[in-house]
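Please open the structure in your viewer and keep the sequence panel alongside it. The tour below moves from one selection to the next and says what is found at each stop.

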Amino acid sequence: SNEMKTNSFFLIIALALVFTIVAGDDDTKYVTCGSAVKITHAEGNGSEYNLASDNHHMNGSGSGQQLVTSSPDLSKTSSLWMVRSAHATKPCNVGDKIPYGSRIRLTHLNTNSNLHSHLVRSPLSNQQEVSGYGNSGEGDSGDDWVVQPARGSEKFWEKDQFVYFQHADTGMYLGSTEQAQFTTRNCGHNCPVMNHLEVFARKSKDSFTKWKTSVGVFLYH
């Protein structure tokens, strides 16, 4: 509901006020535990899309779980995800930097479902499905992703730098491409995710599977 979305947004703002946002310049270049972030996929032509979700389901295809897409609308709150520790582990400390190689969960702020994958085919490109799963932020190990740097020797997840998200259970990488786009032809005239891109998981580290985080409410000690 709109009320729930508004409450989620104000919760993030309230959290931001509790923690010190302004830290040393060196610290603020990192993505941290508890931050609410937008995760962006960039196409080769410069077009950008944000990892997004809503209470939409792909009926008649795949698992029927909550649909996750890459949205061309970069301003919506439906593309905010909270960075959390992995399933069935001790919660990370809010404001802690995320070491590369760490298992994390990304919990969708508006719906409290987790970014998830499993051995089901994706609806458009027939790769591995990525969905939203779980209740109140709790699902299963299929919600765990490992953050990896696309290049460089930095030890922690940095803002504005390309990363890969490897699905912990299956080893596949989170991906998206304009070659798999929702249209009237494959989604109908009343498609709720018109012009969004399918999000999938695939074997390769490549241009389809690079993501970066530049925008969000970043929490620091």
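**First stop: the disulfides**

The torsion about the S-S bond of Cys33 and Cys92 is about 80°, so this disulfide (a pair of cysteine sulfur atoms within 2.5 Å) is right-handed. Cys33 sits in the loop between helix H1 (2–18) and strand E1 (36–42), while Cys92 sits in the loop between strand E4 (81–85) and strand E5 (103–108), so the bond ties together parts that are 59 residues apart in sequence. Helices (H or I, at least four residues) and strands (E, at least two) are DSSP runs, numbered from the N terminus. The model is predicted, so local features need pLDDT of at least 70 and side-chain atom pairs count only at pLDDT 80 or more, whereas totals for chains, interfaces and linings use all residues. Residues are numbered from 1 along each chain as its sequence is written, and side-chain values use heavy atoms, with hydrogens and water left out.

Show the two sulfur atoms of Cys33 and Cys92, which lie 2.1 Å apart. Buried means under 20% relative accessible area, exposed over 50%, and partly exposed in between (1.4 Å probe, protein chains only). Cys33, at 3% relative accessibility, counts as buried, whereas Cys92, at 25%, counts as partly exposed.

Next select Cys187 and Cys191, which are joined by a disulfide with an S to S distance of 2.1 Å; with 80° about the S-S bond, this link is right-handed. Cys187 is partly exposed at 22% relative accessibility, and Cys191 is buried at 9%. The structure holds two disulfides, and their pattern is 1-2, 3-4 when the bonded cysteines are counted along the chain.

**Second stop: strand E7**

Now select residues 128–133, which form strand E7; five of its six residues are buried, so the strand is largely enclosed by the rest of the structure. Which strands pair with E7 in the antiparallel sense? Two strands pair if DSSP finds at least two bridges between them. Strand E6 (residues 114–121) pairs with E7 in the antiparallel sense over five bridges, and Ser117 has Val130 in E7 as its bridge partner. E6 and E7 form a hairpin with six residues between them, and in the turn Asn126 has a positive phi of about 65°.

Add strand E3 (residues 66–71), which is antiparallel to E7 over two bridges, with Leu67 opposite Ser131. Then add strand E11 (residues 197–202), also antiparallel to E7 over two bridges, where Phe200 stands opposite Glu129.

**Third stop: the nonpolar core**

A nonpolar core is a set of buried Ala, Val, Leu, Ile, Met, Phe, Trp, Tyr and Cys residues joined through side-chain atoms within 4.5 Å. The largest one here has 26 residues, and those with the most contacts inside it include Leu51, Leu106, Val130 and Phe165. Elements that give two or more residues to this core include E1, E4, E5, strand E8 (145–149) and strand E9 (163–167).

Centre the view on Phe165 and display its contacts (heavy atoms within 4.5 Å): not counting residues up to four places away in sequence, Phe165 touches, among others, Ile39, Ile104, Leu106, Trp145, Trp157, Leu174 and Trp211.

**Last stop: the whole protein**

Zoom out and colour by secondary structure, which comes to two helices and twelve strands, in the order α-β-β-β-β-β-β-β-β-β-β-α-β-β along the sequence. Buried residues make up 47% of the 221 residues.
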